[in-house]
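Student: I would like to understand how the descriptive words used for a protein model follow from its values. Could we look at the structure together and go through them one at a time?

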Amino acid sequence: MKNYCLLAGIAALMLASCTQTPKKQLTLSGLDPAKFQTEVNQAQTALYTLKNKAGMEVCITNYGGRIVSIMVPDKNGQMQDIVLGFDSIADYINIPSDFGASIGRYANRINQGRIVLDGDTIQLPQNNFGHCLHGGPKGWQYQVYDAKPIDDTTLQLTRISPDGDENFPGNVTATVVYKLTEDNAIDIKYTATTDKKTVINMTNHSYFNLSGNPAQAATDHILYVNADNYTPVDSTFMTTGEILPVKDTPMDFTTPKAVGQDINNFDFVQLKNGNGYDHNWVLNTQGDLTQVAARLTSPLSGITLEVYTNEPGIQVYTGNFLDGSVKGKKGIVYNQRASVCLETQHYPDSPNKPQWPSVVLEPGQTYNSECIFKFSVEK
């Protein structure tokens, strides 16, 4: 009888354990991976988590190759999520944004959406003041990359873009490899090949707020840009073709200063045209990955971001078009200038400015671009 009761008790416990709802396994940043599982254009989306031995965490979705969250320690050792984004795939699909995206085929703007290759004029979509921005309204940030986790710290994403994708020529195979290093850096390597002459310019479009609190503007962040020159824009945000010195202008970040120090000086026409900073700086680094291209620090958290790249330019964009109409992760409203974007790139509209470094990719060539986001703490 005692054995029977014992067995009955064990059976009851086993039944109870089987009927309990499994506890959700959230990421360190509080994301629920289940909310990133759906199907877009017959392709499966998911959330992938990279972790290093130091405890840093980076979450990425293959929808648009987007960085969703970055968790790094602040000056008090507290982990902070320092990028803007959404906490479900539904929001990424339903609310158009570039948050964290792997941009392609062409990052930034192409004048009137027109390029000429071998004498043929190609008309691309015009989705921003008459220009083609970030590859058009169906650019790669709205497509699903094939994801292949390599190990705990590395994710490879592949996008096969067919000939005529947003009217860009050539069947292009592009890869984005995210690697989280042991010294708290995200090393992003881009490659692409084509079977027909085309143009390529890829970047990452993360919106950084290094305080960890995007409810506060990032205008207090201290910015350094290793550039003596920049490319001015007209009132439609299109580069004019000039390269001008930053010296004695609000565009000078060769000496670190607060992002907001001069940002509202609309008497300076470039800040009026950009509604703040939304410009390409001509880097002094000459493609040297060992030289700092830009540095951004939050005085509040002490978190510092250094950017390294082999690209000739970097776009500094201060979230000027954020207007409080979008709620991001944890229901936080994203107001104007809640972030700073640092987009490594070839210069905007390079296909139409032959005096600038070329973005043309020929069959048999391989496009290679690299961007390193390295994080540390300034105490």
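Student: Which residues have the most contacts inside the largest nonpolar core?

Tutor: Please keep in mind that this is a predicted model. Its largest nonpolar core has 58 residues, and those with the most contacts inside it are Ile70, Ile186, Phe208, Trp281 and Phe375. The largest share of this core, 5 residues, comes from strand E14, which covers residues 172-180. Apart from this core lies another, of 21 residues, including Val40, Tyr63, Ile89 and Tyr92.

Student: Why is Thr45 called buried?

Tutor: The word buried is used for a relative accessible area under 20%. Thr45 has a relative accessibility of 0%, and therefore it counts as buried. Thr45 is found in strand E2, residues 43-45, and its side chain reaches the backbone oxygen of Phe36 at 2.9 Å.

Student: What makes strand E25 largely enclosed by the rest of the structure?

Tutor: In E25, residues 303-309, 7 of the 7 residues are buried, so the strand is largely enclosed by the rest of the structure. Both faces are covered, with Ile303, Leu305, Val307 and Thr309 buried on one side and Thr304, Glu306 and Tyr308 buried on the other. As for its partners, 4 bridges join E25 to strand E24 in an antiparallel arrangement, and 7 bridges join E25 to strand E29, again antiparallel. Thr297 stands opposite Thr304 in E25, while Val307 stands opposite Phe373 in E29.

Student: Why is the pair of Phe36 and Tyr92 called tilted?

Tutor: Planes under 30 degrees apart count as stacked and those over 60 as edge-to-face, so the word tilted is kept for the rest. The planes of Phe36 and Tyr92 are at 50°, with 6.4 Å from centre to centre, and the pair is tilted. Phe36 lies in the loop between helix H1 and strand E1, whereas Tyr92 lies in helix H2, 56 residues apart, and both are buried.

Student: How do you know that the rings of Phe99 and Tyr207 are edge-to-face?

Tutor: The cut-off for edge-to-face is an angle over 60 degrees. The planes of Phe99 and Tyr207 are at 90°, with the ring centres 4.8 Å apart, so this pair is edge-to-face. Phe99 is buried because its relative accessible area is 3%, and Tyr207 is buried because its relative accessible area is 6%. One aromatic cluster takes in several of these residues, among them Phe36, Tyr92, Phe99 and Tyr207.

Key: Residues are numbered from 1 along each chain as its sequence is written. This is a predicted model: local features need pLDDT of at least 70, side-chain atom pairs count only at pLDDT 80 or more; totals for chains, interfaces and linings use all residues. Side-chain values use heavy atoms; hydrogens and water are left out. A nonpolar core is a set of buried Ala, Val, Leu, Ile, Met, Phe, Trp, Tyr and Cys residues joined through side-chain atoms within 4.5 Å. Buried means under 20% relative accessible area, exposed over 50%, partly exposed in between (1.4 Å probe, protein chains only). Helices (H or I, at least four residues) and strands (E, at least two) are DSSP runs, numbered from the N terminus. Two strands pair if DSSP finds at least two bridges between them. A polar contact is a pair of N or O atoms within 3.5 Å; within protein, one must be able to donate a hydrogen and the other to accept it, and residues adjacent in sequence count only if both atoms are side-chain atoms. Rings of Phe, Tyr and Trp (its six-membered ring) pair if their centres lie within 6.5 Å; planes under 30 degrees apart count as stacked, over 60 as edge-to-face and the rest as tilted.
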